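Me: Hi! Could you walk me through this one? I'm new to reading structures.

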Amino acid sequence: MNTNLIGRYIHAVGQQLPEKMREDVQMELRSLLADSLEARVASAKAVGRVADEDLIVEVLRDFGAPKEVAARYAPIQKPLIEPALTPIMNLIILLNLFFIWGYATYSLGSPALEGDATLLVRDAVLNAVTSTIASLLIIGIVFFVMSRVVATYTIEWNPRALPPIESPDRPNHSALIGQVIGIFIVLILLNFFPNWVGAPYLIEGRWQFVPYLAPTFSVHLPWLNLFGILTLALNGIVLRKGRWTPTLRWVEFGVSGVAAVVLYRLLVADLLTHLPALNEFLKGMFLVMLGCVIVELGVMFYRLVKRPNKVQPVFGATILSK
Amino acid sequence: MVEKENSSTDLTDNLLQELRRGALVMAVLSQLKEEQYGYSLKQRLGERGLEVNEGTLYPLMRRLENQGLLQSHWEVVDDARPRRYYQISPEGENILTTLITEWQSLTEVIEALVVSNH
């Protein structure tokens, strides 16, 4: 019997409420649901009915779907994009950004480029930014229209189908494994086959492979290796343990600090590649990445030091067994 | 044909909901001269003939509190479970008096209008 349906219900309502009122509403809902369930159990027992999970389901059905209840507590505007469509939209945006900015990198790595490197980078970045905005608009419009169509279908709410409460300590296995594979490949390439880091270009009617990295790039290898090995070790331990512990979160914070140092060193280095336009472009990218890592460090630090969430007890079973 | 019937039912439901919405605020305020927690208020309204869905009543109580018409406090009852008790505020009392006056005059007018048309 799944007596934590009430906990999952309260969690589902809370997920759709503004953070400032979440804890208070959840505490009140817990108390109100307990009262309703108690009354329902008493009535059921009075007519000789068994107090089981069905009673919890009935109580939750009477309260209403989490989305509707949350909307009554804090009326919010209908979202532009249906939450159910957001994961697929994010994936499309990510692939789209990868292709646009990957193409910008590729075009600046061409040995056939001539002219002032700064101007070439400016033009490439402007093109990439324009393409990014245009594609985001198109993707946004398509998903907005799809959201209106999806929203017209109403599915009957089933309390038994409430999603489980995801623990923030549960690791995202696929992301961690993806990182391990990616970092392993990059470390092998940089350490043993640096000349393979490049791309093929059509030069004088013939496809030729152009390596990107300058020989001086090797001075950055110790820091890059340190970051890579620390990340591999951390991900390995988290995957083995199956959860994030406070200590592992602090280690993650430290590894992100190392990432910031690596990015800073790459940013202030003289020459990363012998292709001047690509060199400037990469430095711009590293600057943006360094900004993101610093913000991430701030967020991580805040999460590490802030008060941990109180664990709410499961009370459905206690009431049913009274 | 079936679609038309459905839309007519939806319309009726919506109109009934609108009709009840304003009256529900008055009903809740009127029953909170003594403090009550959510479930006891629901029971009290039910005993007096007004069945209200929990998903509607409880958020309404909080909304009225946010508007300053109710005041609340948490209290731990016998079985050590905390409950939030609500009571009408002085501002809520003033507004309830205004609402009752308006309600009485409105029902008189509507009754006269409905009777004259039947």
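Me: How many residues does each chain bring to the contact?
Reply: Chain B puts in 18 residues and chain A puts in 17, where contact means heavy atoms within 4.5 Å. This is a predicted model, where local features need pLDDT of at least 70 and side-chain atom pairs count only at pLDDT 80 or more, while totals for chains, interfaces and linings use all residues. Side-chain values use heavy atoms, with hydrogens and water left out, residues are numbered from 1 along each chain as its sequence is written, and chains are lettered from A and ligands numbered from 1 in the order in which they are written.

Me: What area do chain B and chain A bury between them?
Reply: About 1600 Å², with 52% of it on carbon and sulfur atoms. Buried area is the accessible area (1.4 Å probe) that two parts lose on being put together, summed over both.

Me: How many salt bridges cross that interface?
Reply: The rule finds 5 between chain B and chain A; a salt bridge is a side-chain nitrogen of Lys or Arg within 4 Å of a carboxyl oxygen of Asp or Glu. One of them joins Arg84(B) to Glu28(A), at 3.5 Å from N to O.

Me: Which parts of chain B touch chain A?
Reply: Helix H2 (38–47), helix H3 (54–66) and strand E3 (82–88) of chain B each supply at least two residues. H3(B) gives the most, with 7 residues. Helices (H or I, at least four residues) and strands (E, at least two) are DSSP runs, numbered from the N terminus.

Me: New topic: at what angle do H1 and H2 of chain A cross?
Reply: Helix H1 (residues 5–15) and helix H2 (residues 19–46) of chain A cross at roughly 145°, and their axes come within 10 Å. Axes are lines fitted to C-alpha atoms, for helices over the stretch in contact, and angles run from 0 to 180 degrees between N-to-C directions.

Me: Which residues meet there?
Reply: Among them are Ile6(A) and Tyr9(A) in H1(A), and Leu29(A) and Leu33(A) in H2(A).
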